[in-house]
Amino acid sequence: MDVLSGALEADVPTGVERATLANGLRVVVLPGPPSSAVGLALHYDVGTRNEVPSRTGFAHLFEHLMFQGTERVGQREFAYAVESAGGSYNGSTASDYTSYHVVMPASGLERGLFLLADQMAGPMLTEQNLANQIDVVKEEVLGKILDVPLGGFPTFEMPGALFSSFPNAHNGFGSFGDLDAATLADAAQFFETHYAPANAVLCIAGAADRGRAFGLAERHFGPLPARPAPQRPDLDEPRPAAERRVVRTDRRSPVDAVGVGWRVPDPADLAEYLPYVLLADMLGDGPTSRLHRRLVESSGAAIHVGCRTELLGGTFMTRHPSAFVVDALVASGSRPDDVVALIEDELTRIAEEGCSDGELARLIRWGTVKNLSQQGSPLELAFSAAGHEIVHGRAELGSELPWLLEGVSGEDLRVAAASLAARRDATVVIEGSKS
């Protein structure tokens, strides 16, 4: 353990232990559910909000490029090394981080750490790899967003309606023109800037001896040269002075759709933020939610409704400014504005009447169950902890949330609803084909 730079801390009662290597990499080891597997999550502090004009889509592009081989591990050898040992791997891109994650049998811990460290040492950046992965990313965007009915709704349109500054307002999927103009020099600069050990968090969860886990992390990541972490972009911006409305047509969609967005308190301020998390569940999480009962079952104004407190990432894995969004598919015979009026009326009702003790207790139980379900395997636990650590510096947040949710009162929910009922910040309407 003396090979590690910085103090090793044990957090009670979570059992989380962390250390920082000499090159700046933060390593977190935490107990997981009973399992014979180990989950590894390596989160880099770079997401779509780190992109700059003329370089959009780079965060997602790099998620792909990092799997294209290195000087030591060939293009297909990463997949073979993981899968032949009985493991699996993947990557994901969010607003505030990019993640690379592996789950292995306990015996594969060192192999997984070697592979992730080898990626951090540097991908094989060639003209062919860059061109191939630009095509792959474009096909993915076409297949999931641009060429499908209501593709990416409301995540694709809402950032530009709710925010003004470039980091917050661009949609994160990237301009095809920007991607086509990307050069090897651009890719190398992006890697050099954002993929430094000091700009990353490695979480190890599950069937791993802690001393061995830290030792192996040092063995494989420790030799990587230190580079300074880049300065984060200034994301702060004022709330819109008035509602912004975006309307577009999607002739592939047989129905209209509407999304309503609000700015919410800083997710780092949990006392202020948590009431909105429970309010989102109250309004739009599943068939027992208030808006489902009112919009779908009672009035028939919508055929689907949902609600969330983030745009691209996770409820507790996003930085300020964040969003509260209700989205709905409008039923035939109804109009988007009819749906918006019912949403606002329900918010006003909650603001005036509050909720019963029974409803509040159910929401807290459901919030706890959802949180625990996201930590049910070593990989899910490692991923969750890495996200909490990279955004909040609190890998243990997942284990603390049940007690934090218990502190939310009915009055807190009423005040949160009143703030939304007072004025919406953005409305996105998609007009479908009625033919």
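## Two prolines after cis bonds

Pro321 sits in the loop between strand E10 (302-308) and strand E11 (322-330); helices (H or I, at least four residues) and strands (E, at least two) are DSSP runs, numbered from the N terminus. The peptide bond that leads from His320 into Pro321 is cis, with omega near 0 degrees. This is a predicted model, in which local features need pLDDT of at least 70 and side-chain atom pairs count only at pLDDT 80 or more, while totals for chains, interfaces and linings use all residues. Residues are numbered from 1 along each chain as its sequence is written, and side-chain values use heavy atoms, with hydrogens and water left out.

Now look at Pro154, in the loop between helix H4 (127-146) and helix H5 (158-162). The bond from Phe153 to Pro154 is cis, with omega near 0 degrees.

## Two positive phi values

Most residues other than glycine have a negative phi, and most peptide bonds are trans. Leu150 is not a glycine, yet its phi is positive, about 55 degrees. Leu150 is in the loop between H4 and H5, and its relative accessibility of 15% counts as buried (buried means under 20% relative accessible area, exposed over 50%, partly exposed in between, with a 1.4 Å probe and protein chains only).

Ser54 also has a positive phi, near 75 degrees, in a residue other than glycine. You can find Ser54 in the loop between E4 and H1. Is Ser54 buried or partly exposed? At 39% relative accessibility, Ser54 counts as partly exposed.

## Charged residues tucked inside

Arg49 is found in the loop between strand E4 (37-44) and helix H1 (58-65). Arg49 counts as buried because its relative accessibility is 6%. Setting aside neighbours within four places in sequence, Arg49 is in contact (heavy atoms within 4.5 Å) with residues including Ser95, Asp96, His170, Thr318, His320 and Pro321. The last two on that list are the pair joined by the cis bond described above.

Two glutamates are worth finding next. Glu389 lies in helix H14 (residues 378-392) and is buried, with a relative accessible area of 5%. Leaving out neighbours within four places in sequence, Glu389 is in contact with Arg18, Arg26, Val28, Val201, Arg394 and Ala395. Glu346, in helix H12 (residues 336-353), counts as buried at 1% relative accessibility. Not counting residues up to four places away in sequence, Glu346 touches Leu283, Arg290, Leu291 and Arg294. The C-alpha atoms of Glu346 and Ala417 are separated by 9.0 Å, with these positions 71 residues apart along the chain.

## How the helices pack

Two packed helices are described by the angle between their axes and the distance between the axes. Helix H3 (residues 109-121) packs against helix H9 (residues 210-221) at an angle of about 35 degrees, and their axes are 9 Å apart. Here, axes are lines fitted to C-alpha atoms, for helices over the stretch in contact, and angles run from 0 to 180 degrees between N-to-C directions. Among the residues that meet are Leu113, Leu116 and Met120 in H3 and Ala213, Leu216 and Phe221 in H9.

Helix H10 (residues 270-284) and helix H13 (residues 357-373) have axes that come within 10 Å and cross at roughly 105 degrees. H10 is therefore roughly perpendicular to H13 (65 to 115 degrees counts as roughly perpendicular, under 35 as roughly parallel, over 145 as roughly antiparallel and the rest as oblique). Leu278, Asp281 and Met282 of H10 make the contact with H13 residues that include Leu363, Trp366 and Lys370.

## Inside the nonpolar cores

How many residues does the largest nonpolar core have? There are 51, and Leu202, Ile204 and Phe221 have the most contacts inside this core. A nonpolar core is a set of buried Ala, Val, Leu, Ile, Met, Phe, Trp, Tyr and Cys residues joined through side-chain atoms within 4.5 Å. H3 gives the most to the largest core, with six residues.

Not counting residues up to four places away in sequence, Phe221 touches residues including Leu21, Leu42, Leu113, Met120 and Leu202. Apart from the largest core lies another, of 44 residues, among them Leu274, Ala302, Phe324 and Leu397.
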